[in-house]
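I opened the model to look up packing, one helix and the charged pairs. The entries follow in the order I made them.

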Amino acid sequence: MVAGCVHINGEFVELEDAKISIFDTGFLHSDVVYDVTTAWQGYIFKLDEHLERFAASCAGFRLTNPYSDAETANILAETTRRAECEDGAFIHMHVTRGEYAENSRDPRLCENQFACYVVPFVWLWGEEKSKAGINIHMAGIERISSKAVDARFKNFHWGDLIQAQYEAYENERDDAALCAADGSLAEGPGFNIWVVKDGVCATPDKNCLLGMSRKSVIELCGMENIPFELRTVHPDELRNADEAFATSSAGGVMPITRVDDKPLGNGAPGILTSQLFDSYWRQREAGWCGTKITDILDS
Ligand code: PLP
């Protein structure tokens, strides 16, 4: 039996028993928004902020979570408890549009559906590479326009991201960085991108998800007195960076050590990347921005 637990159709079930209808337009049309947080040492990370972003994604897609924030928090805590991975959990929640009403193609008549699953903590590139660094591919495939699908709303329109991953693999690289239609750096499949030059960190201010780990790094830069900028970032800045890293709930701060095979600096994780990596995990161990799972369940 695989470790984890799912809450779907109002019930807690084992992973292998979690089923979604093929008529749910979440499946048929990717008409779904989601969010991912993590639990570490019994604490769910930035729970209220994740619920706020989830609500904004729902509103942006004209979807309604059938549960209130308090109910959702309780379901996430209970699913995590049942999954028995409070010490290192990957917590995914989504709302799908649901099935069309009979003889109808009107999305307004669908009954929106919530589900969540909790599995052991996921490292985006596997634990070893997520710590040691990856070789990133500058993708030829463009990130879907935010004018078409607003990247601030966390959604399942992953066609561009996945094809960019294939491009990376075909070039024997680990993952991809995508640019927006204006040629500026956007983000990657499941992560935001940071470049470091002359001691200053910078990350794109648009055409990307407002990642919670990106926000955490902004906070950590403040705590560690590291200068940072939110601005348009040119792909050449990634190619010529002193160091670079990705941020994601699935790993926190993860070094990018090569771009299109070319090493950044000496090809090892950079000094500021390592400082932010250490700081992120030190804070997580200390329960930073965490809500205790037992407190949610006792409330
Ligand atoms: N960008 C995209 C497209 C993502 O899918 C994700 C996470 O899944 C991120 C960035 C990173 O966001 P977060 O730090 O909230 O995990």
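**Entry 1: Ile44 and the core**

I listed the contacts of Ile44 (heavy atoms within 4.5 Å), leaving aside neighbours within four places in sequence: Thr37, Thr38, Ala39, Ala77, Ile91, Cys289, Gly290, Thr291, Ile293 and Ile296. The model is predicted: local features need pLDDT of at least 70, side-chain atom pairs count only at pLDDT 80 or more, and totals for chains, interfaces and linings use all residues. Residues are numbered from 1 along each chain as its sequence is written, and side-chain values use heavy atoms, with hydrogens and water left out.

I then looked up the largest nonpolar core (buried Ala, Val, Leu, Ile, Met, Phe, Trp, Tyr and Cys residues joined through side-chain atoms within 4.5 Å). It has 27 residues, and Ile44 is among those with the most contacts inside it, as are Leu47 and Phe54. Helices (H or I, at least four residues) and strands (E, at least two) are DSSP runs, numbered from the N terminus. Elements giving two or more residues to this core include strand 3 (32-40), helix 2 (47-60) and helix 3 (69-83). Helix 3 gives the most, five residues.

**Entry 2: Thr37**

I checked Thr37, which lies in strand 3. Thr37 is buried, at 1% relative accessible area; buried means under 20%, exposed over 50%, partly exposed in between (1.4 Å probe, protein chains only). Its side chain reaches the backbone oxygen of Phe45 at 2.7 Å.

**Entry 3: helix 2**

Which residues of helix 2 are buried? I found Leu47, His50, Leu51, Arg53, Phe54, Ser57 and Cys58. They cover an arc of only 165° around the axis (taken from the directions from the helix axis to the C-beta atoms), so they sit on the same side of helix 2. The face turned away from that side carries the exposed residues Asp48, Glu52 and Ala59. Just after helix 2, Arg62 has a positive phi of about 55°.

**Entry 4: salt bridges**

I searched the whole structure for salt bridges (a side-chain nitrogen of Lys or Arg within 4 Å of a carboxyl oxygen of Asp or Glu) and found 21. Glu78 and Arg81 form one at 2.7 Å, N to O. They are three residues apart in helix 3, about one helical turn. Glu78 is buried at 12%, whereas Arg81 is partly exposed at 39%.

Asp260 pairs with Arg173, with the closest N and O atoms 3.3 Å apart. This pair links distant parts of the chain, 87 residues apart. I also noted a network of salt bridges linking Lys46, Glu49, Lys215 and Glu219.

Technical notes. Polar contact = N/O pair within 3.5 Å; in protein donor to acceptor, adjacent residues only side chain to side chain.
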